[in-house]
Amino acid sequence: MSMVRAIAPAATPASEQARDPLAKRILLRLVNGIPHFFETAFHRHRYVFLVLLSALLWLATPMITARPGIWQQGVFGLSLVLLGNWLVRLEEQQEDSALSERLHLVLVTLSGLTTLRYFYYRTFYTLSLNGWLNAAFSVLLYAAEMYAILTLFLAYFQTLRIRQRQPIDLSTVPQTQWPSVDVYIPTYNEDVEIVRKTAIAALAIDYPADKKCVYVLDDGRKYPERRAELQAMCDEVGAIMLVRDNNDHAKAGNINTALEKTHGDLVLILDCDHIPARCFLKETVGFFLKPKVALVQTPHWFYNPDPFERNLLTRGQIPVGNELFYKVLQKGNDHWNAAFFCGSAAVVRREYILEIGGIATETVTEDCHTALRLHSLGYQSVYYDKIMVAGLAPEKFSSYVGQQVRWARGMAQILRLENPLFNRKLKLTLAQRLCYFSATSHFFFGFPRLMYVVAPMIYLLLGISSVRGLGLETMAYALPHILLSMQTNHIPYKHVRFSFWNEVYEFAMSFQAGIVTLLALINPRLGSFNVTDKGLTVTERNFDFESVRYLVYLSAIAAASLLAIPFWLVISPQDMQAVLINAIWNVFNLFLLLAACLVAFEQPQLRDAHRLPRRIAAIIHSGDQQWAATTQNVSESGALLLLDEWPNVPDEIRVELIGDYGARVLLDAKIIRAKATSSLQVQVAVQFIHLSRTQTDDLVLVLYSDVKEWYSQKREQRDNPVDSFKFIAASIGRVFREFRPESSVAVRKQVQAASYLFWEGWGDISYPATLTEMGMRDLRLEIEAMDLESIEALQISQPLLSLLVLRQPDDPEPQSLVVQVMRVEVLAGLSDRAILELSFPPELDRQQKDKIRRLLRSLN
């Protein structure tokens with residue numbers, strides 16, 4: 001299989017080409033022509049191609065092994081970095097994805113040569129083998145760097161081609177020939193409300209009813225009350241609940257038991273918190289028209305912030321942890337037919353799953369293991385990069401750690417048990433072996449991360465040298481390797497992983513990942529499947545010390561080691577280069593360590609439900625009037641609406657939300673605040689109230705199911721290394737800021753209605769007034785001809801009053817209400833005129849609420 005293919009460059013007008021600099025035109029021709037030449041040579045003359053490639057590698061050997069002077073190497077390295085920077089800028093100007101891939105290939109070549117040059121220098125000139133302590137730490141650091149270089153080259157291979165899939169249109173096939181689909185929702189002990197959302201959305205998936213069946217697979221036999229509640233929910237919504245009498249092999253065993261009881265051609269597997277979009281099956285089932293396709297995987301996406309996003313307060317400005325995998329690596333794997341099953345949001349062919357004995361049960365990452373066996377039998381997988389599930393990320397860092405530890409253990413188990421790189425029993429292509437080896441070795445990052453932290457600390461504190469002769473020469477080799485690899489990765493990663501954030505992610509998990517992967521290599525049978533806690537709420541700030549205990553200790557030691565720098569400079573000035581480099585390295589590590597520790601500083605969740613920045617159509621209803629609006633954000637408990645005009649409405653209204661495919665829900669809502677924007681529009685924040693069961697279900701469908709494209713499908717922000725590092729450094733102060741939720745502002749309908757106010761203390765006297773503002777809970781009156789004594793009495797006693805409101809000047813049946821004084825304001829210079837703020841007594845809600853609502857409808 002070829003790494004590149006010849007694709008004609010996008011046509012560019014001759015006038016535009018002529019305006020390009022000569023060097024740029026020559027480079028673009030080379031970038032387009034050389035891959036085509038190698039492609040043709042590989043297909044037509046494979047052995048000639050291999051000889052040619054070997055000759056090129058032999059010619060490159062002097063470039064890799066040469067050791068010029070420091071300044072010559074510095075100039076050479078700087079030239080390569082500047083060239084790489086120019087290529088990156090050139091790539092950002094391209095709209096043709098094929099040309100972008102080829103520029104990436106050029107950078108991969110430059111970076112590969114620079115990295116091999118650093119590797120050669122590091123191997124033959126910098127190993128510190130004098131003394132057993134120096135030798136031990138030098139070998140450990142060297143091994144960590146070799147692992148990093150290996151993973152770098154594997155990532156280069158995975159991202160050589162990024163496959164963009166388009167759905168296969170099912171409308172060309174008669175519905176009678178469409179495959180039948182069973183939808184599986186495995187569950188154990190999760191909240192029934194979470195399962196309900198997924199179940200009703202699965203039932204709403206747009207697919208012929210006679211070819212779709214939704215099953216809730218309950219493994220929670222230890223929770224009989226919950227099981228009864230779950231059964232009642234399934235009966236109510238129309239899903240079928242399947243149970244078993246044991247919990248063998250956890251989720252995998254649960255699915256395998258269901259496979260024996262159901263008969264659909266295909267199976268859509270959804271985690272119980274993964275709410276599917278209604279288009280899911282029509283977008284994925286078409287791929288199964290190819291008989292060898294066994295699996296179609298789609299991205300996992302979470303509508304709530306994960307611990308990194310919430311606790312470091314990134315507010316969506318930084319790509320979340322799984323974006324790199326789902327938006328780049330899985331698409332790269334797909335090019336090599338190596339995209340693997342991720343446990344949910346995937347459709348599998350039942351026949352082929354049964355052929356391999358069901359979902360794999362030997363490891364705790366049964367999903368990847370299952371895909372490995374399917375690929376080994378020659379079946380194909382498809383990765384379709386369209387977000388069609390909305391799931392829940394772990395809310396707490398401890399839950400996130402548990403999830404990552406399970407993945408780390410499972411991947412290490414697969415590596416140990418199956419050995420995908422060298423196991424001849426697995427009938428895999430070389431490309432598939434490399435992709436699976438990359439995936440299964442990924443979670444060993446804990447060891448190198450810790451070595452990178454330890455190396456500068458032990459030098460500053462104990463004088464243990466992990467790199468012999470560390471100084472400017474070493475930096476002249478290392479920096480071009482580091483910077484060119486960042487530039488190369490920038491092309492595929494620029495929208496999905498920002499600079500230095502990978503280090504924060506890996507530092508946060510380094511100890512846990514390092515321990516479980518080591519134990520899994522020693523004994524792959526250790527460990528069991530653990531269910532990740534979902535739907536938790538963090539109500540107050542707290543620091544999860546247990547999850548980052550060792551990182552805190554490392555951070556303290558790293559900070560303390562900086563105190564040794566002045567002593568080094570005084571006692572051993574000849575080692576100044578090594579001291580300063582280790583000091584800079586240590587400070588860099590310290591920033592990342594502190595950020596990783598702060599991920600465990602749990603920030604409170606202020607809202608009852610997670611807000612989605614979805615733009616959907618809305619209509620505000622009040623009386624017989626309507627106002628068109630758009631949501632700026634929306635959740636299961638409220639929304640922020642944007643209108644083009646100020647609506648004259650009371651504080652309680654009705655809001656109609658309309659999904660992308662036309663699903664609707666009409667809700668009662670209370671206005672929390674309203675304000676004008678700088679663009680002369682109006683923002684109205686509302687809270688949904690008095691939701692019935694049916695309304696709640698309909699709202700879930702509008703929010704999570706009736707979605708054509710999730711807002712996170714495309715990210716416009718691009719990585720900038722300097723800005724990214726600044727943002728990480730700023731997080732150290734940002735997380736300690738006090739939360740200040742926006743205060744509510746009273747909103748009332750503006751009216752003009754004649755009124756009369758009565759009070760027992762006035763005898764038979766009534767005071768004429770004008771009703772100017774009114775809401776469901778309070779109102780505002782302007783009253784005249786009232787003496788100061790009466791005004792003072794109202795201010796002090798705040799009594800109950802009777803209010804008579806005339807809806808029209810000659811209203812024969814004025815509306816009578818009981819109100820209570822909240823505040824009295826005498827208008828300046830008008831001692832006989834006052835403003836009264838009045839409220840409706842809560843204890844009289846039952847008698848007055850409908851009356852107030854009718855009055856509001858009739859007043860203008």
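Select A618 and L657: A618 stands opposite L657 in strand 15. The strands named in this tour, like the helices, are DSSP runs numbered from the N terminus (helices are H or I with at least four residues, strands E with at least two). The model is a predicted one, in which local features need pLDDT of at least 70 and side-chain atom pairs count only at pLDDT 80 or more, while totals for chains, interfaces and linings use all residues. Residues are numbered from 1 along each chain as its sequence is written, and side-chain values use heavy atoms, with hydrogens and water left out.

**The barrel**

Extend the selection to strand 12 (residues 617-622) and strand 15 (residues 652-658), which run antiparallel and are joined by five bridges. Two strands are taken as paired if DSSP finds at least two bridges between them. Next, display the whole barrel, which six strands close in the order 12-13-14-17-16-15 with antiparallel pairing. On average, neighbouring strands of this sheet are turned by 45 degrees against each other, direction ignored. Axes here are lines fitted to C-alpha atoms, for helices over the stretch in contact, and angles run from 0 to 180 degrees between N-to-C directions.

Add helix 23 (residues 693-705), which lies across strand 13 (625-634), strand 15, strand 16 (664-676) and strand 17 (682-689). This helix runs at about 75 degrees to strand 16. Contact means heavy atoms within 4.5 Å.

Then select R664 and E656, which form a salt bridge whose closest N and O atoms are 2.9 Å apart. A salt bridge is a side-chain nitrogen of Lys or Arg within 4 Å of a carboxyl oxygen of Asp or Glu. R664 counts as partly exposed at 47% relative accessibility, whereas E656 is buried, with a relative accessible area of 15%. Buried means under 20% relative accessible area, exposed over 50%, and partly exposed in between (1.4 Å probe, protein chains only).

**The open sheet**

From the barrel, select E636 and K197, whose side chains meet in a salt bridge (2.9 Å, N to O). This pair links distant parts of the chain, 439 residues apart: E636 is in the loop between strand 13 and strand 14 (638-643), and K197 is in helix 7. K197 is buried, with a relative accessible area of 16%.

Show the open sheet next: seven strands form it in the order 3-2-1-4-7-6-8, with mixed pairing. Its edge strands, each pairing on one side only, are strand 3 (240-243) and strand 8 (380-383). The twist averages 25 degrees from one strand to the next. Helix 7 (residues 192-203) packs on the sheet, touching strand 1 (181-187) and strand 2 (212-218), and its direction makes about 175 degrees with that of strand 1.

Within the sheet, strand 1 and strand 2 pair in the parallel sense over seven bridges, and I185 stands opposite V216 in strand 2. Strand 2 is mostly covered, with six of its seven residues buried. Compare strand 6 (residues 293-297) and strand 7 (residues 346-349), which pair in the antiparallel sense over three bridges. There, the bridge partner of L295 is V348 in strand 7.

**Further stops**

Select R715 and E323, which form a salt bridge with the closest N and O atoms 2.9 Å apart. R715 is in the loop between helix 23 and helix 24 (721-734), and E323 is in helix 12 (residues 323-335), 392 residues apart. Both R715 and E323 are buried.

Move to Y125 in helix 5 (residues 97-125). Y125 counts as partly exposed at 26% relative accessibility. Not counting residues up to four places away in sequence, Y125 touches R67, Y120 and R468.

In strand 19 (residues 766-774), select S766, which is partly exposed, with a relative accessible area of 29%. Leaving aside residues up to four places away in sequence, S766 touches Y756, L757 and F758.

For a network of salt bridges, select R748, E773, D778, R780, R823, E825 and E837, which are linked in this way.

**The whole chain**

Finally, display the full protein chain, whose secondary structure comes to 26 helices and 23 strands. Of its 860 residues, 55% count as buried. The count of salt bridges comes to 41. Among contacts between residues at least 6 apart in sequence, 77% join residues at least 24 apart.
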